[in-house]
There are 2 protein chains.
Amino acid sequence: MQRVAVIGAGPSGLSALRAFQAKAEQGEPIPTVVCFERQSDWGGQWNATWRVGTDELGEPVHSSMYPNLWSNGPKECLELADYSFEEHFGRPIPSYPPRAVLADYIAGRARKAGVRSWIRFSSAVRMVRFDAATSTFSVTVHNLTEDAMYTETFDYLIVASGHFSVPHVPQVDGMETFRGRVLHAHDFRNASEFKGQRVLIVGRSYSAEDIGSQVWKFGAASVTISYRSAPMAFDALPPNWSQCPQLKRVDGSACHFLDGTSGEFDSIILCTGYVHHYPFLPDELRLRTPTSLYPRGLYRGVVWMRNPRVFYLGSQDQWYTFSHFDLMAWWARDVILGRIALPPQAQMEADTDAWAKRESTLVGDQQAVEFQGDHARALQRETDYPYFDTGAVDRLFVEFEHAKHQDFMGYRDLSHRSIITGTVAPAPCMPWRSKMDDSVAGFLHQHGHDR
Amino acid sequence: MQRVAVIGAGPSGLSALRAFQAKAEQGEPIPTVVCFERQSDWGGQWNATWRVGTDELGEPVHSSMYPNLWSNGPKECLELADYSFEEHFGRPIPSYPPRAVLADYIAGRARKAGVRSWIRFSSAVRMVRFDAATSTFSVTVHNLTEDAMYTETFDYLIVASGHFSVPHVPQVDGMETFRGRVLHAHDFRNASEFKGQRVLIVGRSYSAEDIGSQVWKFGAASVTISYRSAPMAFDALPPNWSQCPQLKRVDGSACHFLDGTSGEFDSIILCTGYVHHYPFLPDELRLRTPTSLYPRGLYRGVVWMRNPRVFYLGSQDQWYTFSHFDLMAWWARDVILGRIALPPQAQMEADTDAWAKRESTLVGDQQAVEFQGDHARALQRETDYPYFDTGAVDRLFVEFEHAKHQDFMGYRDLSHRSIITGTVAPAPCMPWRSKMDDSVAGFLHQHGHDR
């Protein structure tokens, strides 16, 4: 029996388990699949915690999510083709749910598939080695609850450990003199901790947008965005928001920016992104990439060309997320099952180079979305993942981006049509900016029903 | 040439390097010593940073120290016998210096020894394996600046990676509902972040004492200590301090204690200790111990009895610190050099059991200090580490503890006599509670001289 190791039981890892289980459901033989998850539960990023820094077993806290995190894109853009939101919740729900609702949804599909027993929780992969003679991987795992290590052998390796867990924390001159609090977005938890504060946000991407909105919603005195290349381009930022160029130097509570301006702040939140970090992989298997829609080295964005028994899931910068993970998981599964034959090395490299070259030319959100849509379509053509209209996903992303730029604090009140079921989402019962209950029960109850 | 790997270039690791270098200085042959340090500089705990959580290379932040951390014991109790404070600073200095002064001192001895070139910085040890056939260790190291892994072989392993870096963060019911900030002492930085706040401190040991004092000094509205077994027993806690039994449950901003009382707080600081964490060591080499003055498995508190080519330095709960690390390092070195012969296994075990048994009977600070003093004396008898009067160290610890209990916010203003040089420390120029400058220059300048 062939053996497949999956590292991580977040959305991508669960996609991998579901991909294999879907084939087994059809009565086909599948290899033994063992998933190693460092945390004590599944969900990856979506398994949020009040902890920062270190978890109860001494491992780095994985999730970067926080209370009152609401989806920053339409749920219709990430809906799984084999498991709709309507199926999970028993009725249509609004388009922008809070974290707990999405976590519940992801877990629901995995529960339905019955794959929980495939996962070894509280199990940190410490080291992987590849033995070329036998074409197998030795995976050394630390059972954290028993504080015991062991090594098992596998024929394939699927890396699904995520890349939004290990913060990129740049050096800033004089930061050690700052008298207030400095934290990275990864350690952000309760927005109300910043009530009444003058908050400086370093960075202008998704974390900056969302954490800026959170601290604004929960009563920060002011929000200042420090951008590197270009300011946020929203039509209507709230009146207590402002934008400054790059933070150059900190001196006590004064922050000095590249254009010579300066300001006083109570807290600095570094929304400076995350790094790919695979400390358990040897050099020859380790993806080294900046944030990218098509990281180098991966054919179809999935298979590690230097050793095509290794697969990475979800290593891309993401628009699509869940459904894209599924497409990649189905594709990886079919390579492992021998249903997809990989082309010769040179052809894989030429194909991957072409994608990378195209990525370097992308301008604006629409081109980026369509690039990822094309990636999804390329995978879709080669797998039996249930068909869904990726063109419609692309168009909805563009529509949503437009709406977000027009009404930064209001776009989450829109409703969209499910691409999977065709149902139009009900309107939320109150605007996002007034919603303070981010629980599943609270969200569903607001829409007129107890679960 | 025999090869010794030292993991960590904090005080214990630097003691190991100095121990070997001291022998080389006497013209004796020594093995090749390679020290792997995850951080980009030496000092371990004392190499403080403004960062929390993750460092600039994606590794967990090592140091738990913070601005305005002042020694919580007399420097005369940790003074190195081969390198006095007076030698380092060129004159006597007060008894309770800030962190930067102690960091400078430790680095000064290492610089004088000329061992910096023995250290590979930004080098995280990922995995160690022992090959019984060759009696050698394979040490797999991640060069973080080049993001490259390699494996080298060694004959001996000295583990000096510390045990005050990975927090013990207990589960508390309802903690996820708390509306303020929750952090572990490991992530504490600027006390002024808590100005005006009602701070709940969970725990009553050294971190609780010190962080409580810090937030009090920098203007917290109130400090509440939640203790598990017994309250702090200081004669005069400030009027805005109070103490409660164990924290049982959190509900919003209300914290409920074991005796049925409750209170509202703005922040919760978990001063709940640290765990031994050696994720790079296989089971058969890994120390598993709670905080202890004499962890099980280590003969003389140093050599790993299951594999006496492995040594742990500084794994004890500490009173003595620096000079104790030196004694253990000198002793480990002499075992490696064959100058100390280990007794038979059964005798080592019986000896270790006797220490453990004695530890279990200790009551109060004086007995604990004298226990560690006896450990120091046992090492002292077997090595050529320069003699110093450990009895005097014991007595000074007891005297200091007494003073601390009498005047919790004033004991750092006392002056003690150096056990190494005999010089009495000058009085500080202003009381600790008024001192806001924790720099080396500030500390030395306050005493009438620029360096």
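"Buried" here means under 20% relative accessible area. Keep that in mind for strand β10 of chain B, residues 198-202: 4 of its 5 residues are buried, so by that cut-off the strand is mostly covered. One caution before going on. This is a predicted model.

Let me place β10(B) in its sheet. The sheet is open and has 5 strands. The order in chain B is β9-β16-β10-β11-β12, and the pairing is parallel. Which strands stand at the edges? They are β9, residues 181-184, and β12, residues 241-244, both in chain B. Each has a single partner strand, so one side of each is left without a neighbour in the sheet. From one strand to the next, the twist averages 20°.

Now the pairings. β10(B) pairs with β11(B), residues 222-226, in the parallel sense. That takes 5 bridges. Within this pair, I201(B) has I225(B) of β11(B) as its bridge partner. At the β9(B) edge, 4 bridges join that strand to β16 of chain B, residues 267-270. These two also run parallel. Here L183(B) stands opposite I269(B) of β16(B).

Next, the cores. In general, nonpolar side chains in soluble globular proteins tend to be buried together. The largest nonpolar core in this model has 109 residues. Which members touch the most others? V215(A) and I269(A) do. Helix α5 of chain A, residues 322-336, gives the most to this core: 10 residues. Where does the core lie relative to the domains of chain A? Domain 1 covers 3-165 + 274-398, and domain 2 covers 175-270. Both give residues to the core, so it lies between them.

Look at I269(A) more closely. Leave aside its neighbours within four places in sequence. I269(A) is then in contact with L183(A), A185(A), F188(A), F194(A), V199(A), L200(A), I201(A), V202(A), I211(A) and V215(A). There is also a second, separate core, of 107 residues. Among its members are A22(B), L69(B), V215(B) and V335(B).

Last, the two chains together. Two copies of a chain are related by a rotation about an axis and a shift along it. What are the values here for laying chain B on chain A? The turn is 180°, the shift along the axis is 0.0 Å, and the RMSD is 0.0 Å. That is the relation of a two-fold axis. In chain B, the C-alpha nearest the axis belongs to G53(B), 2.3 Å from it. As for the interface, 100% of the interface residues of chain B are also interface residues in chain A. The copies therefore meet through the same surface.

Terms used:
Residues are numbered from 1 along each chain as its sequence is written. Chains are lettered from A and ligands numbered from 1 in the order in which they are written. This is a predicted model: local features need pLDDT of at least 70, side-chain atom pairs count only at pLDDT 80 or more; totals for chains, interfaces and linings use all residues. Side-chain values use heavy atoms; hydrogens and water are left out. Copies are superposed by least squares on the C-alpha atoms of residues with pLDDT of at least 70 in both. Contact means heavy atoms within 4.5 Å. Two strands pair if DSSP finds at least two bridges between them. Axes are lines fitted to C-alpha atoms, for helices over the stretch in contact, and angles run from 0 to 180 degrees between N-to-C directions. A nonpolar core is a set of buried Ala, Val, Leu, Ile, Met, Phe, Trp, Tyr and Cys residues joined through side-chain atoms within 4.5 Å. Buried means under 20% relative accessible area, exposed over 50%, partly exposed in between (1.4 Å probe, protein chains only). Domain bounds come from an automatic or database domain assignment.
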